[in-house]
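Subject: Structure for your review

Dear colleague,

Please find below the structure that I am handing over to you. My notes on what was found in it follow directly after.

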Amino acid sequence: MDSTTLQKARAYEAQHGAAIPAAERPAYHLTPYIGWMNDPNGFSFYQGKYHLFYQYYPYGTFWGPMHWGHAVSTDLLHWDYLPAALAPDSPSDKDGCFSGSAAELPDGRQLLLYTSVRREEQPDGKTRDVQTQSVAVGDGIHYEKPFQTPVLDERHLPDGFSRFDFRDPKIWQEPDGSYSAVLVGQGKTEGGAALLFHSADGFRWEYVTILDASRGEYGVMWECPDFFELDGKQVLMVGPMEMQARDEFHNGHCVIALIGSYDPVNHRFVRENVQLMDEGIDFYATQTMQAPDGRRIMTAWMQAWAGISDQPHGAKWFGQTICPRELHIRDGRLIQTPVRELDAAHGARVLHENVLMEGETALEGIGGRVADLRVTITPEGKECRAFTIKLAADGAHSTTLTYEPRTRRLILDRSQAGFHQDIVHLRSCTVHSQSDTLSLRILLDRNSIEVFLNGGEQTMTACIYTPPEAERITFAADGAARVTVEQYALHL
Ligand code: DQQ
């Protein structure tokens with residue numbers, strides 16, 4: 001039975017979401033039906049379709065009592081909205097249905113495991129959110145909450161772990177049909193930690209072990225964990241909060257991958273390598289799923305918590321997910337590439353090969369705001385001090401990528417991309433590859449750019465709020481460079 005709270009949300013989004021013209025949304029990045037979106041949830045393949053739920057507040061473009069929005073797709077690019085799946089309407093989740101994930105039950109129903117939030121007055125008179133985990137079961141459209149009580153609560157936590165920071169279950173099915181889930185908790189000595197749980201049926205859970213923890217090194221608390229095998233390695237992906245800047249890590253929220261080995265009998269994860277997942281501005285709350293063809297596919301919230309005060313002009317939605325990415329491991333590091341479904345959306349191709357560029361250059365047929373652009377840059381000798389790609393440009397706006405061969409730095413600058421406020425607009429990374437040639441694949445959509453360096457060895461992602469008319473793309477060399485530019489229009 002759908003609750004009044006859920007019915008109200010469904011009626012509201014059906015009226016206001018459906019009224020937003022498609023041209024006022026990105027072409028292939030999912031936005032909320034109406035209102036606010038943060039973390040992607042329940043990313044799964046169920047009954048022949050990809051399902052993507054998301055943290056959702058339909059009534060405004062700000063974070064409010066969390067619902068779960070819902071969309072489905074057959075190609076991970078075109079999304080159809082379904083009615084909101086969850087609303088904060090039961091005693092354990094009355095203050096929010098926070099992030100979680102999905103799995104299929106033996107009887108064919110879909111199980112949603114999510115964090116239920118209940119605000120509670122504490123003995124000191126202060127109010128705090130108690131976080132437990134609850135389930136909902138459904139048919140891909142309608143979900144029931146079968147129990148009044150959570151399936152995981154503080155009684156399942158190891159000693160010293162907080163009941164206020166216990167969230168974001170990521171569930172998966174084991175080969176024997178049982179279920180495992182990784183959650184984040186906060187321990188007195190561990191700080192942010194990834195906790196492993198096990199269940200025979202998805203409803204009765206038991207604590208197994210701590211897989212890994214920050215211990216002061218990677219932020220104060222972790223969020224949105226994921227744990228999966230990939231190309232012979234094991235990956236634990238988490239979002240550290242209040243990370244301290246050092247090496248490639250910047251302050252605040254980010255996503256890191258702890259890559260190592262895993263002994264499933266003794267549940268022992270051994271970390272070998274830690275990698276920042278995206279070196280741009282807007283990337284958080286990742287979630288992966290295994291597609292029917294075996295691909296490990298990742299989505300994420302294409303936004304930074306620090307930047308939520310600046311929003312697209314006049315839009316009735318806020319928040320987007322990335323174009324889903326395929327993951328692989330190469331030389332112990334994660335490689336990310338846009339899902340291959342994007343290649344099937346390729347329209348007209350324009351190619352300019354091996355062009356010697358000095359000064360600013362515009363190329364015939366290169367431009368637009370919805371495109372898949374590949375640029376290969378080979379600096380001409382030591383005289384090339386910098387090479388800049390100017391995107392989404394008009395007289396007043398632009399977003400630039402500048403490569404400085406001497407320092408091997410790539411600088412993303414969106415300070416002229418239509419923002420009102422002085423949030424983070426500039427970020428740079430050191431290009432890992434030692435090759436003389438830098439190859440960039442740039443996914444442009446109306447409100448974002450996603451940059452893949454050297455076949456996906458590194459990525460930089462950022463939202464842009466540039467007016468749609470700003471669609472010029474130009475190139476400029478300070479010195480000289482040989483450049484190949486290939487652009488595909490996208491038919492979406
Ligand atoms: N967002 C959710 C939490 C999660 C956080 C609440 C991360 O479950 O930890 O909207 O962005």
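I begin with the interior. The lining of the largest cavity comprises five nonpolar, five polar and two charged residues. Please bear in mind throughout that this is a predicted model. The volume of this largest cavity is about 60 Å³, and the whole structure contains three cavities of 30 Å³ or more. The residues that line the largest cavity include Asp39, Pro40 and Asn41, together with Ser99 and Gly100. Also in the lining are Asp168, Pro169, Cys224, Pro225, Ala285, Thr286 and Gln287. Five strands each contribute at least two residues to this lining, namely β1 (35-46), β5 (97-104), β9 (161-173), β13 (221-230) and β17 (284-290).

Pockets

The largest pocket holds about 900 Å³ of space. Its lining consists of 34 residues, and those nearest the centre of the pocket are Ile171, Trp172, Gln173, Gln290 and Arg296. Two or more lining residues come from each of β1, β5, β9, β11 (191-199), β13, β14 (233-241), β15 (256-263) and β17. Of these contributors, β13 gives the most, with five residues. By class, the lining of the largest pocket has 16 nonpolar, 11 polar and seven charged residues.

The second largest pocket contains about 350 Å³ of space. It is lined by 19 residues, and Ala22, Arg25, Pro26, Ala27 and Trp79 are the closest to its centre. In this second lining, 13 residues are nonpolar, four are polar and two are charged.

Sheets and a helix

Two open sheets deserve your attention. One has five strands, arranged in the order β4-β3-β2-β1-β19 with mixed pairing. Its edge strands are β4 (80-86) and β19 (317-318), each of which pairs on one side only. β1 and β19 run parallel and are joined by two bridges; in one of the pairings, glycine 35 has tryptophan 317 of β19 as its bridge partner. Helix α1, which covers residues 4-16, lies across β2 (49-57), β3 (67-73) and β4 of this sheet, and runs at about 160° to β4.

The other open sheet is built from four strands in the order β9-β10-β11-β12, with antiparallel pairing. β9 and β12 (205-213) each have a single partner strand, so one side of each is left without a neighbour in the sheet. From one strand to the next, the twist averages 30°. Seven bridges connect β11 and β12 in the antiparallel sense, and serine 199 has tryptophan 205 of β12 as its bridge partner.

Some strands appear in more than one of these descriptions. β1 is part of the five-stranded sheet and supplies at least two residues to the lining of the largest cavity. β9 stands at an edge of the four-stranded sheet, and β9 is also among the strands that give two or more residues to the lining of the largest pocket.

Domains listed in UniProt

UniProt, in an unreviewed entry, places the feature "domain: Glycosyl hydrolase family 32 N-terminal" at residues 29-338. Over that range the chain is 0% helix and 55% strand, with the end C-alpha atoms 12 Å apart. For "domain: Glycosyl hydrolase family 32 C-terminal", the unreviewed UniProt entry lists residues 361-482. The chain there is 0% helix and 57% strand, and the end C-alpha atoms are 12 Å apart.

As you open the model, one question may serve as a starting point: which residues lie nearest the centre of the largest pocket? They are Ile171, Trp172, Gln173, Gln290 and Arg296.

With kind regards

How values were computed. Residues numbered from 1 in each chain as written. Predicted model: local features only at pLDDT ≥ 70, side-chain atom pairs only at ≥ 80, totals over all residues. Heavy atoms only, no water. 1 Å grid on protein atoms, 1.4 Å probe; cavity = no way out; pocket = protein on both sides within 12 Å on 5 of 7 lines; lining within 4 Å. Points joined across faces, edges and corners; volume = space filled by probe spheres on them. Nonpolar A, V, L, I, M, F, W, Y, C, P; charged D, E, K, R; others polar. UniProt positions renumbered as here; feature names shortened; annotations may be inferred. Pairing = 2+ DSSP bridges. Contact = heavy atoms within 4.5 Å. Axes fitted to C-alpha atoms, helices over the stretch in contact; angles between N-to-C directions.
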